[in-house]
Amino acid sequence: MKRYLLAGAAVLALAGCGSSGTSNGITVGAARTYELQGFQPSGPVEVGKPTTVSFTIRQPSGAPLTAYKRGSGPHTGIHLIIVKDDLSTIIHDHPPVGANGRLSQTVIFPAPGRYRVVVDAYPQSTPNGQTNFQLFRWITVSGTAKRQPLPPLAPTVTVDGYRITLHGKPKLRAIEPAFLTVTVTDPNGKPARFTPWFGALAHAIFFRAGSLDYFRTHVCAPGASGCTSALGATKVTGRSATPGKLTVGVLVPVSGTWRLFLQCRVNGHVLTAPFTLHVS
């Protein structure tokens, strides 16, 4: 079985959020390894058919991980993030944890191709005090895959009648915190009112084209705790104090072309708006 290792500083793991590089992890001690066990599906799956994604995380001690952080913020439990390798599709869920540590989530894959699975875990504690770490797998969906070229930045994305607009021309640099101003209006043109989803008003999930490096930040209401993302000593916190307006924090580890999937819940609708960003 392929082994995935506890992410350390060289992979730039976050204090409170997620980050990964092109490798599966680095060794921080011979016994300090975490591993996905019993991962399913173990073979190709079908398009449009409900598929159960399930697994257990084995701790360095050999026991299953059963104790995860809890609370009202987004840095809790397990984030299961699945992205198609051409960055055309993303799936984001929080699977429940069984008493024996087994996690299961029903997923429907919309198109053939390869999908990168990111398991972003927030255990109650780790051997070296790391707040979270990521484990990875691939899932292949049967059929002829049609890779879609990554489109240039489109400032406005319409989803279910809602307009999500990224304002200004982002000038982003690796390992430097920055902020994006985003507005969301409903089908009637009125500012949208955000409601918390998975502990945040908005989730900003970043994947780098080609290597699929990963990073995640959040937008929370003023005064909310547990919303800061960190890369080494550098931190960023997204905020939203006005209906229809999001101040999205950006902090990515390397330069290149990145795809931002911005997710928020409005009037019971979970909206996902993709934006292509260049980071120098």
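Q: Buried means under 20% relative accessible area. With that in mind, what makes Asp-213 buried in this predicted model?
A: Asp-213 has a relative accessible area of 7%. The cut-off for buried is under 20%, so Asp-213 with its 7% is called buried.

Q: Why is the contact between Arg-208 and Asp-213 called a salt bridge?
A: The closest N and O atoms of Arg-208 and Asp-213 are 4.0 Å apart. A salt bridge needs a side-chain nitrogen of Lys or Arg within 4 Å of a carboxyl oxygen of Asp or Glu, so this pair qualifies.

Q: And how do you know whether Arg-208 is buried, partly exposed or exposed?
A: Its relative accessible area is 24%. Partly exposed lies between the 20% and 50% limits, so Arg-208 is partly exposed.

Q: What makes Arg-147 and Asp-85 a salt bridge?
A: Their side chains meet with 3.0 Å from N to O. The limit is within 4 Å, so the pair counts.

Q: Where in the chain do these two partners sit?
A: They link distant parts of the chain, 62 residues apart. Arg-147 lies in the loop between strand 9 (133-141) and strand 10 (156-159), while Asp-85 is in the loop between strand 5 (78-84) and strand 6 (90-93).

Q: Why is Arg-147 called exposed, and why is Asp-85 called buried?
A: Arg-147 has 55% relative accessibility, and exposed means over 50%, so the label fits. Asp-85 has a relative accessible area of 17%, and buried means under 20%, so Asp-85 is buried.

Q: How do you know that Arg-173 and Glu-176 form a salt bridge?
A: The N to O distance between their side chains is 3.5 Å. That satisfies the within 4 Å rule, so they are among the six salt bridges found in the whole structure.

Q: What makes both Arg-173 and Glu-176 partly exposed?
A: Arg-173 has 47% relative accessibility, and Glu-176 has a relative accessible area of 40%. Partly exposed runs between 20% and 50%, so both values earn that label.

Q: Turning to the strands, how do you know that strand 5 and strand 8 pair?
A: Seven bridges join strand 5 to strand 8 (residues 113-121), which run antiparallel. Pairing needs at least two bridges, so these strands pair. Here Leu-80 stands opposite Val-119 in strand 8.

Q: What makes strand 6 and strand 9 edge strands?
A: The open sheet has four strands in the order 6-5-8-9, with antiparallel pairing. Strand 6 and strand 9 each pair on one side only.

Methods. Residues numbered from 1 in each chain as written. Predicted model: local features only at pLDDT ≥ 70, side-chain atom pairs only at ≥ 80, totals over all residues. Heavy atoms only, no water. Helix = DSSP H or I, 4+ residues; strand = E, 2+ residues; numbered from the N terminus. Buried < 20%, exposed > 50% of the residue type's maximum accessible area, 1.4 Å probe, protein only.
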